[in-house]
Amino acid sequence: MQFGGVSYVAILVAAIVGFVFGAAYYGVLSKPWMKAARITPKGGGPAMPGASLLITSFVCELVMAWTLAGIVGHLGAGQVTLWNGVVTGFLVWLGFMATTLAVNQRYEGFGWDLTLIDAGHWLGVALLMGAIIGWWG
């Protein structure tokens with residue numbers, strides 16, 4: 001099955017990889033992230049998200065991968081490549097994800113430390129998804 005010249009399997013794999021990357025990324029950076037987000041853990045350790053939050057996160061990863069596949073697919077026939085996927089992922093991150101985070105977190109009163117941690121996560125997700133979608137081409 002195809003969407004915009006990209007396999008639905010590629011979209012699913014990209015979403016799974018993005019989700020797993022996020023779990024690993026925030027697993028490593030949980031303490032600095034919680035400090036930057038002003039979250040106090042209950043019970044002395046990092047809090048585990050509930051099932052509904054994990055489901056919501058994964059559904060959003062699917063939507064993100066599907067949308068990125070549509071954008072990459074619109075480059076035209078023969079243009080769904082690893083390189084074009086990575087470049088498109090970067091541009092989507094720079095133009096929409098990083099800028100949205102920066103604006104929202106300034107209005108919410110958070111420091112740049114939270115923005116840098118969160119933006120690093122979304123950069124990794126966008127690059128991985130773009131690479132998978134482009135490579136699957």
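## Rings, a pocket and a core

Searching the whole structure turns up 6 aromatic pairs. One of them joins Phe90 and Trp93, whose ring centres lie 5.7 Å apart with 35° between the planes, which makes the pair tilted. Keep in mind that this is a predicted model.

Where do Phe90 and Trp93 sit relative to each other along the chain? Both belong to helix 4 (residues 82-107), and they are separated by about one helical turn because they are 3 residues apart. As for the surroundings, Phe90 is partly exposed, at 35% relative accessible area, whereas Trp93 is buried, at 12%.

Now for another pair, Trp135 and Trp136. Their ring centres are 5.8 Å apart and their planes meet at 90°, so this pair is edge-to-face. In general, a pair of aromatic rings is described by the distance of the centres and the angle of the planes. Trp135 counts as exposed, with 62% relative accessibility, while Trp136 is partly exposed, with a relative accessible area of 36%.

Here are the two pairs in one place:

| Pair | Centre to centre | Angle between planes | Kind |
|---|---|---|---|
| Phe90 and Trp93 | 5.7 Å | 35° | tilted |
| Trp135 and Trp136 | 5.8 Å | 90° | edge-to-face |

There's also an aromatic cluster, made up of Phe21, Tyr25, Tyr26 and Trp33. And one ring has a charge for company: the charged end of Arg106 sits over the ring of Trp112, 3.9 Å from the ring's centre.

### The overall layout

Let's zoom out. The protein has 5 helices and 2 strands, and reading along the sequence you meet them in the pattern β-β-α-α-α-α-α. Its C-alpha atoms fill a box of roughly 50 × 30 × 20 Å along the principal axes. The protein has 137 residues, and 35% of them count as buried.

### The largest pocket

The largest pocket has a volume of about 1100 Å³. Which residues lie nearest its centre? They are Tyr26, Trp33, Pro49, Leu53 and Ser57, out of 30 residues that line the pocket. Two of those names should ring a bell: Tyr26 and Trp33 are also members of the aromatic cluster.

Helix 1 (8-28), helix 2 (30-36), helix 3 (51-73), helix 4 and helix 5 (112-136) each give two or more residues to the lining of this pocket. Helix 3 gives the most, with 7 residues. Sorted by class, the lining has 17 nonpolar, 10 polar and 3 charged residues.

### The nonpolar core

Next up is the largest nonpolar core, with 19 residues. The residues with the most contacts inside this core are Ala14, Ala65, Leu68, Trp93, Met129 and Ile133. So Trp93 shows up again: this buried residue is also part of the tilted pair with Phe90.

The elements that give two or more residues to the core are helix 1, helix 3, helix 4 and helix 5. Which helix gives the largest share? That's helix 5, with 6 residues.

### A closer look at Leu127

Leu127 is found in helix 5. Is Leu127 buried, exposed or partly exposed? With 28% relative accessibility, Leu127 counts as partly exposed, because buried means under 20% and exposed means over 50%. The C-alpha atoms of Leu127 and Thr115 are separated by 18 Å, and the two residues are 12 apart along the chain.

How values were computed:
Residues are numbered from 1 along each chain as its sequence is written. This is a predicted model: local features need pLDDT of at least 70, side-chain atom pairs count only at pLDDT 80 or more; totals for chains, interfaces and linings use all residues. Side-chain values use heavy atoms; hydrogens and water are left out. Rings of Phe, Tyr and Trp (its six-membered ring) pair if their centres lie within 6.5 Å; planes under 30 degrees apart count as stacked, over 60 as edge-to-face and the rest as tilted. Helices (H or I, at least four residues) and strands (E, at least two) are DSSP runs, numbered from the N terminus. Buried means under 20% relative accessible area, exposed over 50%, partly exposed in between (1.4 Å probe, protein chains only). A charge sits over a ring if NZ of Lys or CZ of Arg is within 6 Å of the ring centre and within 35 degrees of the ring normal. On a 1 Å grid over the protein atoms alone, a cavity is a set of points where a 1.4 Å probe fits but cannot get out, and a pocket is an open set with protein on both sides within 12 Å along at least five of seven lines; lining residues have an atom within 4 Å of a point. Grid points are joined across faces, edges and corners, and a volume is the space filled by probe spheres set on the points. Ala, Val, Leu, Ile, Met, Phe, Trp, Tyr, Cys and Pro count as nonpolar, Asp, Glu, Lys and Arg as charged, and the others, Gly among them, as polar. A nonpolar core is a set of buried Ala, Val, Leu, Ile, Met, Phe, Trp, Tyr and Cys residues joined through side-chain atoms within 4.5 Å.
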